[in-house]
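Hello,

Here is the structure I promised to pass on. Please open it alongside this note, and I will walk you through what turned up.

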Amino acid sequence: MNKAKSLIAVGATLFGWLTFGGVAGAAPAPGSDRQAPRPAATCSTGWVEVNTDRLNVRSGPGTNYGIIATVYRGDLLACGWLEAGGRYTACGVSNANGWISVDLENDGAIDGFVASTCVVDAF
């Protein structure tokens with residue numbers, strides 16, 4: 001394996017859909033027309049920062065869930081966990097599938113989910 005073209009983050013996956021601690025991906029095979037996944041936030045610090053002009057917060061981990069709020073570039077969000085599922089295109093990334101749970105009111109309760117490709121780990 002060409003280490004320069006791979007990205008591996010240590011984490012654990014439970015039930016085949018809930019991921020703690022990170023995401024893993026690798027560059028596509030030479031000659032493939034697939035886009036390599038862009039590293040996404042993992043909520044490793046407990047906070048993420050919005051890195052796009054405008055980002056929808058959804059009631060669940062997928063584009064099929066309703067929009068409950070909108071956040072903006074530079075906003076800091078308390079976060080809980082990373083959840084895989086529900087392929088989407090956002091923030092210049094095609095075929096992404098990570099969603100981060102967020103606490104909008106800083107009360108310890110999860111209020112919604114944001115696309116992990118549209119935020120970065122803060123602090």
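One term first: a residue is called buried when its relative accessible area is under 20%, exposed when it is over 50%, and partly exposed in between (1.4 Å probe, protein chains only). Helices (H or I, at least four residues) and strands (E, at least two) are DSSP runs, numbered from the N terminus.

This is a predicted model, in which local features need pLDDT of at least 70 and side-chain atom pairs count only at pLDDT 80 or more, while totals for chains, interfaces and linings use all residues. Residues are numbered from 1 along each chain as its sequence is written, and side-chain values use heavy atoms, with hydrogens and water left out.

Now the overview. The chain has eleven strands and zero helices. Of its 123 residues, 33% are buried.

Strand β9 is a good place to start. Eight of its eleven residues are buried, so β9 is largely enclosed by the rest of the structure. It runs antiparallel to β10 (residues 112-115), and four bridges join the two; strands count as paired if DSSP finds at least two bridges between them. Within this pair, Ile 100 stands opposite Val 114 in β10.

Ile 100 and Val 114 also appear among the residues with the most contacts inside the largest nonpolar core, which has 22 residues. Such a core is a set of buried Ala, Val, Leu, Ile, Met, Phe, Trp, Tyr and Cys residues joined through side-chain atoms within 4.5 Å. The elements giving two or more residues to this core are β5 (47-50), β6 (54-58), β8 (76-90), β9 and β10.

What about charge in β9? Asp 103 lies in this strand (residues 93-103). Asp 103 is buried yet has no salt bridge (a side-chain nitrogen of Lys or Arg within 4 Å of a carboxyl oxygen of Asp or Glu). The nearest side chain of opposite charge, Arg 58, is 18 Å away; here Lys and Arg count as positive and Asp and Glu as negative, with His and the chain ends not counted. Instead, the Asp 103 side chain reaches the backbone nitrogen of Gly 108 at 2.7 Å and that of Glu 105 at 3.2 Å.

How many salt bridges does the whole structure have? A search finds one. It joins the side chains of Asp 53 and Arg 73 (3.1 Å, N to O). Asp 53 lies in the loop between β5 and β6 and Arg 73 in the loop between β7 (67-72) and β8, so the pair ties together parts that are 20 residues apart in sequence.

Happy exploring!

Key
A polar contact is a pair of N or O atoms within 3.5 Å; within protein, one must be able to donate a hydrogen and the other to accept it, and residues adjacent in sequence count only if both atoms are side-chain atoms.
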